[in-house]
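Work through the exercises below with the sequence and the model side by side. Try each task before you read its solution.

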Amino acid sequence: MNTERCYSEARDYYAALGGDTEAAIEKTLSLPVSLHCWQLDDVRGFEGAAALEGGIQTTGNYPGAATNPEELLSDMEFALKFLPGKTRINLHASYAIFEKGMPRADRDALLPEHFAAWTEFAKKHGLAIDFNPTFFSHPMVKDGLTLSSPDENVRAFWIRHGIACIRIAEYFARETGKQCLLNFWMPDGLKETPADRYSPRSRMADSLDRILAAGYDKSLVAVSLESKVFGIGLESYTVGSAEFCTSYSIKNGLVPLMDNGHYHPTESVADKISSMLLFSEKVALHVTRAVRWDSDHVTRFDDEIREIALEIVRGGPERFFLALDYFDASINRLAAWITGYRAFRKALLWASVWPIKELAAAQEANDFTSVLVKSEEIKTAPFSLVWAEYCRRADVPADASWLNPVLDYEKAILPSRTNR
């Protein structure tokens, strides 16, 4: 097949519809997407946790999960060669690496040097780093509460953790030369219907105030706040609801972060994005695939993800912090990691070739006939040829041929690992 001729024909086809494939490819290649390290080890981290706590759960027992820093970094390095576009890595505080001779520190005493191995890895591969305090799977999570706890000792511990993570995020930014997104998500909630919803939220707001009062360099760190509707064992009440996190973020100049799995099944995050952009300079997204609830399935090139991608392109990609967040232990973890990333990249490219301005102008002119007809026409345009050209320029396979080396890696490397 003459791929150059095929792409040329696809480019002309899109041009007739008002789309610019060259601009779409260039824009999507340069758009950063943050890839989460926790898919590769089922969110266990390096603290020796036997099971997850705090309303989250990884399901499946596929063999070969990374069990230590060396294995996880090796897996990441292997997978990077199949990822088309500018990539960032997303870390949780529970992935601190205490190198030989280094005393261990609890979460409230973490220091930048506990993440030196990560900065070395990032610089080696030209990656920026995003960061997350870890408010789950720890003895100081008391009765399902952290920053909203009525126990001042518990709150103080987690406030110290938040401040420590700010300093680590600043360190990442200085080392990589790229701003770090520091995302706060607290699982705080109750299993039963609360007698008092106000007080826990008041305490959480006060705790966040105290963390932010420590100060940080906004040129180095952007702080985001992520909401959730509920968690396992926390079904009746979540302190950090969408209303709480959005209001606090807007009031305090933070970045609101929406995870499309953290809402009721009938809610559309794509529909929420434009409202957020009206009142916040930046918006952060954790992109996943929720099946029934926040089950964090591997992102696919489906309707929901394409609608989110369209809103990103319409709103201006430079106004977004984009990251993926899923953890599936039922299939090859590397294949899941790569598939979800490529699917979201595909959605971003697909959205970028839409004639956004022309369709918006037709809507403003009340010409919904043109909006309908052209929107339907572009859905069956020869997008696979544009994707193939995009991948060629990124020097990665456009088809599923990347799966063969992943399966070879599985046969050669993963059997030696001991599953937890």
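**Exercise 1: Place a histidine**

H297 sits in strand β11 (residues 293-297). Helices (H or I, at least four residues) and strands (E, at least two) are DSSP runs, numbered from the N terminus. The model is predicted, so local features need pLDDT of at least 70, side-chain atom pairs count only at pLDDT 80 or more, and totals for chains, interfaces and linings use all residues. Residues are numbered from 1 along each chain as its sequence is written, and side-chain values use heavy atoms, with hydrogens and water left out.

Task: Find how exposed H297 is, and how far its C-alpha atom is from that of A329.

Solution. Step 1: take the classes. Buried means under 20% relative accessible area, exposed over 50%, and partly exposed in between (1.4 Å probe, protein chains only). Step 2: H297 has a relative accessible area of 26%, so the residue is partly exposed. Step 3: H297 and A329 are 32 residues apart along the chain, and their C-alpha atoms are separated by 9.8 Å.

**Exercise 2: Two further pairs**

Task: State where I308 and L110 lie, then give a C-alpha distance for I308 and for L110.

Solution. Step 1: I308 belongs to helix α9 (residues 303-315). Its relative accessibility is 2%, so I308 counts as buried. Step 2: I308 and F344 are 36 residues apart in sequence, and 9.7 Å apart in space, C-alpha to C-alpha. Step 3: L110 is in the loop between β2 and α4. With a relative accessible area of 5%, L110 is buried. Step 4: L110 and A242 are 132 residues apart along the chain, with 29 Å between their C-alpha atoms.

**Exercise 3: Two positive phi angles**

Task: D42 and D143 each have a positive phi. Is D42 buried or exposed? Is D143 buried or exposed?

Solution. Step 1: D42 is not a glycine, yet its phi is about 65°. This residue is found in the loop between β1 (33-36) and α3 (69-80). Step 2: the relative accessible area of D42 is 9%, so D42 is buried. Step 3: D143, also not a glycine, has a phi of about 55°. Its loop runs between β3 and α5 (152-176). Step 4: D143 has 72% relative accessibility, so D143 counts as exposed.

**Exercise 4: Read two helices**

Task: Check the length of helix α12 (residues 368-379). Then sort the faces of α12 and α14.

Solution. Step 1: the expected span of a helix is 1.5 Å times one less than its number of residues. For the twelve residues of α12 this should be 16 Å; the end C-alpha atoms are 17 Å apart, which agrees. Step 2: V371, S375 and I378 are buried in α12. Seen down the axis, these buried residues fall within an arc of 70°, so they line one face of the helix. The arc is that of the directions from the helix axis to the C-beta atoms. Step 3: the face of α12 turned away from its buried side carries exposed T369, L372 and V373. Step 4: in helix α14 (residues 403-413), V406, Y409 and E410 are the buried residues. Their arc, seen down the axis of α14, is within 100°, so they line one face. K411 and A412 are exposed on the other side of α14.

**Exercise 5: Find the nonpolar cores**

Task: Which residues touch the most other members of the largest nonpolar core?

Solution. Step 1: a nonpolar core is a set of buried Ala, Val, Leu, Ile, Met, Phe, Trp, Tyr and Cys residues joined through side-chain atoms within 4.5 Å. Step 2: the largest has 126 residues, and W118, F131 and L285 touch the most other members. Step 3: helix α10 (residues 333-352) gives the most to this core, with twelve residues. Step 4: another core, of six residues, lies apart from it and includes L181, A222, L257 and A284.
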